[in-house]
Amino acid sequence: TPVLRLTNIEKVYQTSTIETVALNQVNLVINRGEFVSIMGPSGCGKSTLLSLMGLLDEPTRGTIEVDGRPVQSYSDRELAGLRNLKIGFVFQSYHLINDLSVVDNVELPLLYRPGMSGKDRRQRALAVLDKVGLGARTGHFPSQLSGGQRQRVAIARALAGAPEIILADEPTGNLDSVMGEEIMDLLLGLNRQDGVTIVMVTHDEQQALKTERVIRFFDGSQVG
Ligand code: ADP
Ligand code: ADP
């Protein structure tokens, strides 16, 4: 069973005067362990697609299945678990909390995890920071880090809950090419060595070619 399946997805944003069709008849399967890139011009629906895959928003029409089960068949509690633990998000602009230290940022997704002690949280956060190569920066604050290091913190935070899927929205979009390549190598390692399924939005053709599959969008629909 694929980890995610989107069938006949349509997403319409409705404001008082305008209706925007952000996605139209999208059919997409993401298999366990894949690394897929999503490409397409600004406004073609890529962020909308990621927010639907991350269960942060609902489609106007169509079905989303996680592990072969329609999202509607999960209880609210199960859905909260999927959002918090199964899926990790990485954004172009990092979305770190500036007045929390690196390690405290990474602990955030673990705060509401039942049965996890403060000590376990700290241990887990330090372990994932080590994994992304930031073991020596755990007490720093985001403002004291380079862009590439900040993105590593954001990736560590996404990894804290040991997610099966990482959804990354232009994770290297704010980085120079050297740092961008480092982040790309980190993601490739997580995919190949740790088996994390990754769906990444990117504008970088070179990066996309390093992934297993490129899905291209134009104006809300797949074009390849
Ligand atoms: P991309 O990520 O490819 O730039 P988006 O998914 O952000 O595209 O946007 C797709 C379309 O939906 C665009 O026309 C955008 O303006 C519109 N859109 C996105 N989010 C909203 C929203 N919350 N309300 C209204 N329109 C939106
Ligand atoms: P980005 O993908 O660049 O990080 P967003 O996802 O916030 O930016 O927005 C993408 C597009 O969706 C932009 O064109 C933005 O103007 C549009 N958009 C986002 N939220 C809304 C909204 N509430 N109403 C109308 N358009 C929106």
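In the predicted model described here, strand S1 pairs with strand S4 (residues 61–66) in the antiparallel sense, and five bridges join the two; two strands are taken as paired if DSSP finds at least two bridges between them. Strands (E, at least two residues) and helices (H or I, at least four) are DSSP runs, numbered from the N terminus. Within this pairing, Glu10 has Arg61 of S4 as its bridge partner. Strand S1, which covers residues 4–14, also runs antiparallel to strand S2 (residues 19–30), and eight bridges join them. A hairpin of four residues leads from S1 to S2, and Gln14 stands opposite Glu19 in S2. Residues are numbered from 1 along each chain as its sequence is written, while chains are lettered from A and ligands numbered from 1 in the order in which they are written. Because the model is predicted, local features need pLDDT of at least 70 and side-chain atom pairs count only at pLDDT 80 or more, whereas totals for chains, interfaces and linings use all residues, and side-chain values use heavy atoms, with hydrogens and water left out.

Strand S2 also takes part in the surroundings of ligand 1, since S2 and helix H1 (46–53) are the elements that give two or more residues to the shell. The residues around the ligand, that is, those with a heavy atom within 4 Å of it, include Tyr13, Thr20, Ala22, Pro41 and Ser42, together with the run from Gly43 to Thr48. Helix H1 provides the largest share of this shell, three residues. By class, the shell holds four nonpolar residues, six polar ones and one charged one, where Ala, Val, Leu, Ile, Met, Phe, Trp, Tyr, Cys and Pro count as nonpolar, Asp, Glu, Lys and Arg as charged, and the others, Gly among them, as polar.

Ligand 1 is approached by polar atoms of both backbone and side chains. A polar backbone atom of Gly45 is 3.0 Å from an oxygen atom of the ligand, a polar side-chain atom of Lys46 lies 2.8 Å from an oxygen atom of ligand 1, and for a polar side-chain atom of Thr48 the distance is 2.5 Å. On its own, ligand 1 has 550 Å² of accessible area, of which the protein covers 60%; such areas come from the Shrake-Rupley method with a 1.4 Å probe.

Pockets were sought on a 1 Å grid over the protein atoms alone, a pocket being an open set of points where a 1.4 Å probe fits, with protein on both sides within 12 Å along at least five of seven lines, and its lining residues having an atom within 4 Å of a point. The largest pocket holds about 320 Å³ of space. It is lined by 14 residues, and those closest to its centre are Arg83, Asn84, Ile87, Gly88 and Phe89. Helix H2 (76–86), strand S6 (87–91) and helix H5 (147–160) each give two or more residues to this lining, with S6 giving the most, four residues.

Strand S6 belongs as well to an open sheet of six strands, ordered S6-S7-S8-S3-S9-S10 with mixed pairing. Its edge strands are S6 and strand S10 (221–222), each of which pairs on one side only. Within the sheet, strands S7 (residues 165–169) and S8 (residues 197–201) pair in the parallel sense over five bridges, and Leu167 has Val199 of S8 as its bridge partner.

Definitions and conventions
A polar contact is a pair of N or O atoms within 3.5 Å; within protein, one must be able to donate a hydrogen and the other to accept it, and residues adjacent in sequence count only if both atoms are side-chain atoms. Grid points are joined across faces, edges and corners, and a volume is the space filled by probe spheres set on the points.
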